2 protein chains.
Amino acid sequence: MTARRPTIDDVARLSGVARTTVSRVLNDGPNVRDEVRARVMEAVKALDYKVNPQARSLAGGGSRLLGLVFASDLESEPNSFYHSALELGALRGCLELGYQLVTRHIPLQSADREQQVYDLIATQRCEGLIFTPPYSDDAALIAEVLRRGCRVVSISPGGAGRDLADGVGMDDEAGGYDIARRLIELGHRRFAFMGGIEGHLSADRRLDGLIRALSEAGLGASDLIKVRGDFTFRSGVELTPRLLDDPLHPTALVCANDDMAAGALSVVHGRGVKVPQDLSVTGFDDTPVSAIVWPPLTTVHQPLKDMGRRAVALLASRLTGGRAEAEPEFNCLDHAVVERGTAASAP
Amino acid sequence: MTARRPTIDDVARLSGVARTTVSRVLNDGPNVRDEVRARVMEAVKALDYKVNPQARSLAGGGSRLLGLVFASDLESEPNSFYHSALELGALRGCLELGYQLVTRHIPLQSADREQQVYDLIATQRCEGLIFTPPYSDDAALIAEVLRRGCRVVSISPGGAGRDLADGVGMDDEAGGYDIARRLIELGHRRFAFMGGIEGHLSADRRLDGLIRALSEAGLGASDLIKVRGDFTFRSGVELTPRLLDDPLHPTALVCANDDMAAGALSVVHGRGVKVPQDLSVTGFDDTPVSAIVWPPLTTVHQPLKDMGRRAVALLASRLTGGRAEAEPEFNCLDHAVVERGTAASAP
DNA sequence: ACGTGAATTGGAAGCGCTTCCAACAAAGGC
DNA sequence: GCCTTTGTTGGAAGCGCTTCCAATTCACGT
């Protein structure tokens with residue numbers, strides 16, 4: 001039983017067409033009769049045929065190289081799970097689809113950051129780039145990259161970038177709404193929100209969702225206090241006292257990511273406030289952080305690995321699939337509230 | 001400037017040999033005169049030639065599929081950084097070297113866990129397997145996999161597995177020694193150690209290192225208390241009170257991984273003990289956890305991503321390189337004590 | 001000097017796929 | 001009814017590499 005994997009020729013033989021035609025079907029090429037297309041697909045299914053990405057990329061020409069661009073400074077956070085998860089997903093996608101990946105961390109404060117991006121295209125010959133926030137919100141940058149003939153996918157784009165290129169993300173507004181809704185069900189009426197840096201559009205949308213849920217429950221601006229952090233644990237630590245001491249006395253603290261929620265938790269413990277009895281705290285993203293704080297964090301799951309993989313798939317479909325010139329599309333992935341131990345009935 | 005990447009034929013032409021010979025040199029094949037080998041290498045360098053992994057794998061035959069085997073139950077810890085980091089490294093390696101990777105989580109308690117491993121070979125046709133602990137300590141399993149013609153690399157192997165197959169890891173004993181040494185320098189004389197599960201060899205070696213450092217400093221068994229956890233945050237939380245209440249009154253708590261240290265930290269805070277003024281706490285691994293606890297954790301960096309990549313490289317060298325039948329070798333990667341905020345002078 | 005086997009080198013096929021180009025059929029336009 | 005256009009299909013080359021096999025060289029033993 002030398003179960004050799006079926007090749008494109010096996011499919012061609014079984015469906016009675018030429019190899020060329022099978023290739024066309026597989027790549028959503030034009031000029032194939034529906035009847036033939038169906039017959040080929042049937043053979044593909046019958047044989048459980050999978051294209052060999054190595055062979056495809058060898059034959060296909062081009063560099064088959066994609067770039068993943070982060071804004072962070074690798075030195076300062078070499079181990080961020082956000083980055084790892086996205087890269088992990090992107091790598092899996094590349095392996096499946098026969099692409100190579102280069103990951104580049106280009107700090108926002110680099111004077112020549114745009115140039116570094118263009119070098120990825122000119123020198124490294126990337127055929128597609130994946131931008132993470134806040135690069136994914138930089139319409140001018142995206143437009144210029146596209147102008148140079150390089151494809152783009154934006155991760156969690158917030159603004160204008162969304163109309164220029166394909167995007168992948170979750171519905172941040174709905175995520176904010178869902179977690180708020182849950183807290184309202186638990187009887188909470190006084191809220192605090194710890195947001196992200198100015199201009200981080202996707203984090204701002206989580207706040208929009210929170211506000212919508214509040215207003216549906218008959219609550220308004222006077223029932224919510226807001227602060228801005230920078231997504232780090234540290235900023236969570238620094239901002240929490242201000243929230244706790246506010247005359248509003250919130251019973252629920254909604255954070256725009258898990259790291260800040262973890263920071264808040266550590267301050268709260270220090271003050272003897274009981275979580276979740278006295279105060280509910282929620283995170284966002286569902287990174288491993290949520291499992292290693294005490295109590296484990298109730299949060300919103302963001303499918304980072306899937307996002308990375310989808311981003312590669314979108315790039316691939318632009319590059320070889322039938323979507324070469326299609327309208328930009330946004331892939332919205334499912335999120336889910338993950339109930340752990342930091343959200344309970346209002347005191 | 002159509003800077004096409006150089007191919008093997010360019011190298012062959014420049015060095016005045018046949019393509020076949022270049023291929024031999026590149027793959028550490030036998031039967032090439034040293035003089036020719038040098039000439040080819042020179043051309044490689046001059047052209048900055050890199051083999052095209054896609055082409056190589058197409059031509060090379062075989063499935064070019066590697067498997068990464070974890071013992072964990074994916075359901076229970078879908079987001080562990082330990083797993084992500086190892087997979088990330090392995091994935092990078094595969095992309096560079098033209099291999100495919102399947103990642104499989106096979107819980108230790110599965111009745112048919114061995115069978116699941118063998119299926120990876122028989123059904124999926126993996127040519128090489130990477131075992132993580134504690135599979136990497138299972139000599140019988142490794143021997144059987146090898147017998148079936150599949151290559152093996154062990155991650156952090158502790159015992160007999162080390163002699164059967166190639167291994168990748170760090171010097172755990174030295175890691176334990178280094179962190180203990182640092183604490184001793186800081187004046188600590190009474191220690192607590194929070195270890196891992198019974199039989200996890202690599203974690204036990206960290207304790208060995210600690211003990212060696214103590215004895216060099218003239219300290220002995222009466223200056224150290226030990227407990228065993230299971231590497232989870234939770235177990236850190238549960239075990240810490242016992243350590244704090246011990247009559248020895250340790251001033252330094254050395255943990256066998258970061259998660260348990262994080263658990264310890266949260267208990268310590270709750271009791272009003274100041275870290276690091278009253279108590280020093282150290283972790284192990286340098287996962288992102290170490291940056292999101294307060295104060296940030298002093299720990300030992302374990303190069304997990306590099307380990308994943310090295311594992312793939314070792315497998316590759318067995319599969320196509322000249323090391324087909326070489327003696328098993330252990331790749332020991334560098335570790336480093338990372339000083340953050342949880343270790344200070346003894347009170 | 002000649003044969004022999006081992007070491008070294010080159011030629012050529014072919015891995016599984018895409019794509020250029022030619023072939024052919026169907027559909028209109030005059 | 002013939003020529004062009006458009007749509008659909010197949011033939012064949014070739015991507016960059018490994019590897020089988022044949023050719024050549026080399027070092028000895030006789």
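**Stop 1: a charge over a ring in chain B.** Select Arg162(B) and Phe330(B). The charged end of Arg162(B) lies over the ring of Phe330(B), 3.9 Å from the ring centre. Keep in mind that this model is predicted.

**Stop 2: a charge over a ring in chain A.** Now select Arg64(A) and Tyr99(A). Here the charged end of Arg64(A) sits over the ring of Tyr99(A), at 4.4 Å from its centre.

**Stop 3: chain A as a whole.** Zoom out and show chain A as a cartoon. Chain A has 347 residues, and 53% of them count as buried. Its secondary structure comes to 13 helices and 12 strands. Along the principal axes, the C-alpha atoms fill a box of roughly 75 × 45 × 40 Å.

**Stop 4: helix H5 of chain A.** Select residues 81-97 of chain A, which make up helix H5. How far apart are the end C-alpha atoms of H5(A)? They are 24 Å apart. That agrees with the span expected for 17 residues at 1.5 Å a residue, which is also 24 Å. H5(A) is mostly covered, with 13 of its 17 residues buried. Step just past the helix to Gly98(A). This glycine takes a positive phi of about 80 degrees.

**Stop 5: aromatic pairs.** Return to Phe81(A) and add Phe81(B). A search over all chains of the structure finds 3 aromatic pairs. Phe81(A) and Phe81(B) form an edge-to-face pair, 6.5 Å centre to centre, with 65 degrees between the planes. The pair is called edge-to-face because its angle is over 60 degrees. This pair crosses between chains: Phe81(A) belongs to helix H5 of chain A, and Phe81(B) to helix H5 (residues 81-97) of chain B. Are these rings buried or exposed? Phe81(A) is buried, at 8% relative accessible area. Phe81(B) is buried too, at 7%.

Next, select Phe131(A) and Tyr135(A). Their rings form a tilted pair, 6.2 Å centre to centre and 45 degrees between the planes. Phe131(A) is buried, with a relative accessible area of 0%. Tyr135(A) also counts as buried, at 2% relative accessibility.

**Stop 6: the surface near DNA strand C.** Show DNA strand C and the residues within 4 Å of the strand. How many residues surround DNA strand C? There are 27, and the closest are Ile8(A), Arg19(A), Ser23(A), Tyr49(A) and Ala18(B). Colour this surface by class. You will find 12 nonpolar, 9 polar and 6 charged residues.

Now colour by helix. In chain A, helix H2 (19-26) and helix H4 (53-60) each supply at least two residues of this surface. In chain B, helix H2 (19-26) and helix H4 (53-60) each do so as well. Which element gives the largest share of the surface? H4(A) does, with 5 residues.

**Stop 7: phosphate contacts.** Turn to the strand itself. Of the atoms of DNA strand C within 4 Å of the protein, 57% belong to sugar or phosphate, and the rest to bases. Pick out three residues of chain A in turn.

- Asn27(A): an N or O atom of the side chain is 3.0 Å from a phosphate oxygen of DNA strand C.
- Asn52(A): a polar backbone atom is 3.1 Å from a phosphate oxygen of the strand.
- Arg56(A): an N or O atom of the side chain is 2.8 Å from a phosphate oxygen of the strand.

Definitions and conventions:
Residues are numbered from 1 along each chain as its sequence is written. Chains are lettered from A and ligands numbered from 1 in the order in which they are written. This is a predicted model: local features need pLDDT of at least 70, side-chain atom pairs count only at pLDDT 80 or more; totals for chains, interfaces and linings use all residues. Side-chain values use heavy atoms; hydrogens and water are left out. Rings of Phe, Tyr and Trp (its six-membered ring) pair if their centres lie within 6.5 Å; planes under 30 degrees apart count as stacked, over 60 as edge-to-face and the rest as tilted. Helices (H or I, at least four residues) and strands (E, at least two) are DSSP runs, numbered from the N terminus. Buried means under 20% relative accessible area, exposed over 50%, partly exposed in between (1.4 Å probe, protein chains only). A charge sits over a ring if NZ of Lys or CZ of Arg is within 6 Å of the ring centre and within 35 degrees of the ring normal. A polar contact is a pair of N or O atoms within 3.5 Å; within protein, one must be able to donate a hydrogen and the other to accept it, and residues adjacent in sequence count only if both atoms are side-chain atoms. Ala, Val, Leu, Ile, Met, Phe, Trp, Tyr, Cys and Pro count as nonpolar, Asp, Glu, Lys and Arg as charged, and the others, Gly among them, as polar. The expected span of a helix is 1.5 Å times one less than its number of residues.
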